Amino acid sequence: MKSIIVSMIAAAGLMIAGSALATDMPAVAKKNNCTACHAIDKKVVGPAWAEVSKKYKGDAKAAAHLDQKIAKGGSGVWGAMPMPASPKMSDADRKEVVDFILGLAK
Ligand code: HEC
């Protein structure tokens, strides 16, 4: 019983911390832990997604590039810091998050 209560408190604490750090991030980004390094409108470890969206505005190849970048990781576009690969993320989740990011600047 005690351990159930402790884990409920821990879960509630995580939810509060997550929502404070990740305002406006879509569920798919939270689920895949993108929010650990990204926010919409400010640089965290990785670039602000609003900046990413502006950079690729009007670029027909952007969706395919970002899809592969998220799946395989990489560095050198925004700086030397690499983004880790997300090999377990589903195709549907990647598409959803890429659509979300590219939609920010429209
Ligand atoms: C450990 C930190 C970290 C995590 C977790 C992370 N990113 Fe990144 N992300 C980065 C860094 C650093 C860069 C800059 C890479 C570069 O300069 O090429 C980046 C770049 C990007 C870019 C721009 C890529 C480009 O080539 O312009 C997109 C889009 C992106 N991340 C989406 C995501 C998504 C979606 C997730 C969740 C599945 C995610 N990131 C998780 C650190 C992270």
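## Around the ligand

Helix α4 contributes more residues than any other element to the shell around the ligand, with 3 residues. This is a predicted model, and in it 26 residues surround the ligand. The closest of them are Cys34, Cys37, Gly46, Trp78 and Met83. If you want to find the helices involved, look at α4, which spans 62-72, and α5, which spans 91-103: these are the elements that give two or more residues to the shell.

What is the chemical make-up of the shell around the ligand? Its residues divide into 16 nonpolar, 9 polar and 1 charged.

## The chain as a whole

Stepping back, the protein chain has 5 helices and 0 strands. Read from the N terminus, its elements follow the order α-α-α-α-α.

The chain has 106 residues, and 12% of them are buried. Now consider contacts between residues at least 6 apart in sequence: 47% of these join residues at least 24 apart.

## The nonpolar core

Which residues make up the largest nonpolar core? There are 11: Ala29, Cys34, Ala39, Ile40, Trp49, Val52, Leu66, Ile70, Val97, Val98 and Ile101. Helices α3 (49-55), α4 and α5 each give two or more residues to this core, and the largest share, 3 residues, comes from α5.

Two members of this core deserve a second look. Cys34 belongs to the core and is also among the residues closest to the ligand. Ala39, another core member, touches Val44 and Ala48, leaving aside residues up to four places away in sequence.

Notes:
Residues are numbered from 1 along each chain as its sequence is written. This is a predicted model: local features need pLDDT of at least 70, side-chain atom pairs count only at pLDDT 80 or more; totals for chains, interfaces and linings use all residues. A residue is near a molecule or strand if its C-beta atom, placed from the backbone, lies within 6 Å of it. Helices (H or I, at least four residues) and strands (E, at least two) are DSSP runs, numbered from the N terminus. Ala, Val, Leu, Ile, Met, Phe, Trp, Tyr, Cys and Pro count as nonpolar, Asp, Glu, Lys and Arg as charged, and the others, Gly among them, as polar. A residue is buried if 20 or more other C-beta atoms lie within 10 Å of its own, exposed if 12 or fewer, and partly exposed in between; C-beta atoms are placed from the backbone. Two residues are in contact if their C-beta atoms, placed from the backbone, lie within 7 Å. A nonpolar core is a set of buried Ala, Val, Leu, Ile, Met, Phe, Trp, Tyr and Cys residues joined through C-beta atoms within 7 Å.
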